[in-house]
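Here is a short report for a reader meeting this structure for the first time. Please look over the sequence and the model before reading on.

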Amino acid sequence: DDSQLTTPAHQSDGFVRVRGARENNLRNVSVDVPRDAIVAFTGVSGSGKSSLAFGTIYAEAQRRYFESVAPYARRLIQQGHNPKVELISGLPPAVALQQRRGTASSRSTVGTVTTLSNSVRMLFSRAGTYPEGSSQLDSDSFSPNTAAGACRECHGLGVAHTVSEQSLVPDPSLTIRDGAIAAWPGAWQGKNLRDILTHLGYDIDVPWRKLPKKHRDWILFTEEQPVVEVTPQRDRVAKPYKGRFWSARSYVLHTLADSQSASMRDRVLAFMESGPCRRCSGTGLIPEALAVTFAGRTIAEFNALPLADLADIVRPTSELAQAGTASRTQRSGESNEVAVTITRDLLQRINVLLDLGLGYLALGRGTPTLSPGEMQRLRIATQLRSGLFGVIYVLDEPSAGLHPADAEPLLEVLEQLKSSGNSVFVVEHNMDVVRRADWLVDVGPRAGEGGGEVLYSGPVEGLAGVEASVTRPFLFDAPQPSVPSSRSRSDEPREPAGWVELEGVRQHNLQGLDARFPLGVLTAVTGVSGSGKSTLVGRVLGDVVAASLSTDRTAGEQDGPAEPLHIRAVKGSNTIDRLVTVDQKPIGRTPRSNLATYTGLFDAVRKVFAGTEAAQAKGFGAGRFSFNVAGGRCETCQGEGFVAVELLFLPGSYGPCPECEGSRYNPATLEVEYLGRNVADVLGMTVDLAAEFLAGVPAAARSLKCLQDVGLGYLRLGQPATELSGGEAQRIKLATELQRAQRGHTLYLLDEPTTGLHPADVQLLMAQLHGLVDAGNTVVVVEHEMSVVAAADWVIDLGPSGGDQGGRIMATGSPEDVAQASGSRTAPYLAAALG
Ligand code: ADP
Ligand code: ADP
Ligand code: ZN
Ligand code: ZN
């Protein structure tokens, strides 16, 4: 009854009431969701769960908060958008903990995001043991990110960049004229430097290594910068000019320190050798800070220890019964009250992380190397300490990346957030988590236009009566609807066509591991978080096969600089012709790339338009129908369809382009129609609709069919890459692979392909993966979802725990064999899934 909503009484009735929500695909949704409860939002991918939980409820809470801050301060806050909703009442402030990867360049670490580093620094500052005669340091002096604490040599980075003859001149058989000094700039600047050398009397036409050492050293390392009048060689038209000489080292150092261009700096970095800074041994800290210890260890050692070990080290202090009072003159404060207080607090907070299965992480671990699931759990744990109450936490699949054994502690932490007076809204696919919620909101029934309705909102059991729900069978039916496996389609299990054998793998926590992967079958690699699955599959197997194919792995696939690979021997990788990594990283970072451009589908669409009579009469080729180049696109927005609105100083405000009204094209282009539709209309179609419309265009029809096969029929062709979830991006990559003609033997590596997928979508995905194997390829998935593991041909289970306590193979064999293995934490869950 809407009339009640205007009275204050509703505020106390314990519900968030949403009326008339139309965000994205939501169809005028009205729903009441209890506060102070754990609420699960379920539904197939694309059904509208996130549009309701994040796009409507969270966004509205943000908007209200935003309006309540002073106008000048608003500029400093990232603004969301105004959700399309008539009314929401009973809405407290909200905090979203979405799954995001840290940015690759950031200096943030496990210690900084959890703020544990602050406490550790405080501990060393106030309660550490100082060398005789030294004075106490403040806590900033223990941070490499402050002026007080940063090593003077490397400015706190811990890394030193140096140059050597080898790094500056990678190929000494070249002459200077042919570019021996690779570190020098290219084009005319490089030519100037060569001209100056000629003028100074150096021979630039003998191979580098034949030059006398004295000459080589001067050219590479001198700090002199003679200015000489140069007459350009060969080029008779050019006039003489004055040129300044830069040795290769000065040029590189100067560019690194002063260049405004990140790409220039990256270019010269490639000609430097980087290693740990010698002055601080890579810790980034000043020597005075490194001289202070606690429990016999330096702060650098604290930062490098797994959290589980760190807990053991501070525990004795936290349990001290008789602590003394601090005094400035003491050399050590280790047995003082301050030490006891700080270590107690540290221990409590570390324990939450241990409960969440993150004990294998170290404080100093950079967040760019963490998985999105690890990152989210760090944030959840940090929130427990924030002391906030009365807020809604909106979480995105908190179980992602969790072994079933770790789901239980996660639920306890969510319960704690609730019992400290908060509401916990989770978008979730893991039915074990959903079953434990207080309330369920099921969205659907299908994706995109086929979804967007709330099918059910109430206590979990009530969903059993909702026939239309796709979630219902997975929650209540026993036995569970099964995931397709090779065995359900033929009685014979698949036989491996060969093996890739890795011997003596040493990487992260793998300590001389031997592992073999069967070819021509589907293998699932399992194990708790931190046991080494991603290291073994994503890093080692991927790199070994890439190396044997002598191809670089697809650009952009690796975060940060590649670490060297440590492995003793590899056998059997030579029958693989191609390697494909299907991960969850975005398919593009700008709204200019979209589903249609990424899959190549748009090429076919543009050809179709270029082939129409109207286009031919006007002389329009396929390029005319691109929004990325001048010609056919709208120049006001340069084909983006929207423009930045510089009103009210609000950052990140965009509006549809007033010229083309968001269509991206100019009027002449839009006049060209194919079967009554223009190119902008086609970009606005869903995959399902386009599949009918373009049925007569084989090149497009094939891509569209593959997208439908992986359950993406609801996406619009022009949907910008920036609006796609990680799971959608991963399935687009998979579809792009499926549409290629299948030739030869490809190895597919997938890291948790079920993340973000409803169990019903998991079934679709598995059918596709089995299809790849049936066509003669090899598929290896890292996976926690036991229905998928049960449907694999082969399982490799790592363990027993995370970090140093992991990295071993606990069991390997058919799913049935692994389910029987003793000592494997996966076995009982797998046995249950096998039924
Ligand atoms: P779910 O969370 O259930 O997977 P979403 O709420 O993310 O579903 O998506 C619901 C529908 O809205 C889908 O068709 C999706 O493609 C579409 N959609 C999601 N985000 C946007 C956006 N920013 N702009 C336009 N459409 C979107
Ligand atoms: P899983 O995939 O099973 O969760 P990982 O392979 O990610 O496990 O991690 C195995 C171990 O290696 C853990 O102790 C983890 O902290 C460590 N590790 C993983 N990636 C890195 C990295 N980039 N730098 C340092 N240690 C890492
Ligand atoms: Zn240093
Ligand atoms: Zn425009």
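How many bridges join strand S3 to S14, and do they run parallel or antiparallel? Four bridges link the two strands, and they run parallel. Keep in mind that this is a predicted model.

## Strand S14 and its partners

Strand S14 covers residues 439-444. Strand S3, on one side of the pairing, covers residues 38-42. Val39 has Trp439 as its bridge partner in S14.

S14 also pairs with strand S15, residues 453-458. Here five bridges are found, and the strands run antiparallel. Leu440 is matched with Gly458 in S15. Is S14 enclosed or open? Five of its six residues are buried, so the strand is largely enclosed by the rest of the structure.

## The nonpolar cores

The largest nonpolar core holds 95 residues. Leu541, Val605, Val789 and Leu830 have the most contacts inside this core. Helix H21, residues 601-610, contributes the most to it, giving six residues.

Take Leu541. Beyond its neighbours within four places in sequence, Leu541 is in contact with Leu502, Phe517, Leu536, Leu749 and Val780. Another core lies apart from this one. That second core has 83 residues, including Val31, Val314, Tyr360 and Val454.

## Ligand 1

Which residues are closest to ligand 1? They are Asn24, Lys49, Ser50, Ser51 and Gly448, out of 15 residues that surround the ligand. The shell has three nonpolar, 10 polar and two charged residues.

Two domains supply residues to this shell. Domain 1 spans 2-100 + 371-476, and domain 5 spans 600-723. Both contribute, so ligand 1 lies between them.

## Ligand 2

Ligand 2 is surrounded by 15 residues. The closest are Thr369, His508, Lys533, Ser534 and Thr535. By class, its shell has two nonpolar, 12 polar and one charged residues.

## Ser108

Where is Ser108 placed? It sits in the loop between strand S5 (94-97) and helix H3 (110-114). Ser108 has 16 C-beta neighbours inside 10 Å, so it counts as partly exposed. A buried residue would need 20 or more, and an exposed one 12 or fewer.

Ser108 can also be placed relative to Ser550. The two are 442 residues apart in sequence. In space, they are 34 Å apart, C-alpha to C-alpha.

How values were computed
Residues are numbered from 1 along each chain as its sequence is written. Chains are lettered from A and ligands numbered from 1 in the order in which they are written. This is a predicted model: local features need pLDDT of at least 70, side-chain atom pairs count only at pLDDT 80 or more; totals for chains, interfaces and linings use all residues. A residue is near a molecule or strand if its C-beta atom, placed from the backbone, lies within 6 Å of it. Ala, Val, Leu, Ile, Met, Phe, Trp, Tyr, Cys and Pro count as nonpolar, Asp, Glu, Lys and Arg as charged, and the others, Gly among them, as polar. Domain bounds come from an automatic or database domain assignment. A nonpolar core is a set of buried Ala, Val, Leu, Ile, Met, Phe, Trp, Tyr and Cys residues joined through C-beta atoms within 7 Å. Two residues are in contact if their C-beta atoms, placed from the backbone, lie within 7 Å. Two strands pair if DSSP finds at least two bridges between them.
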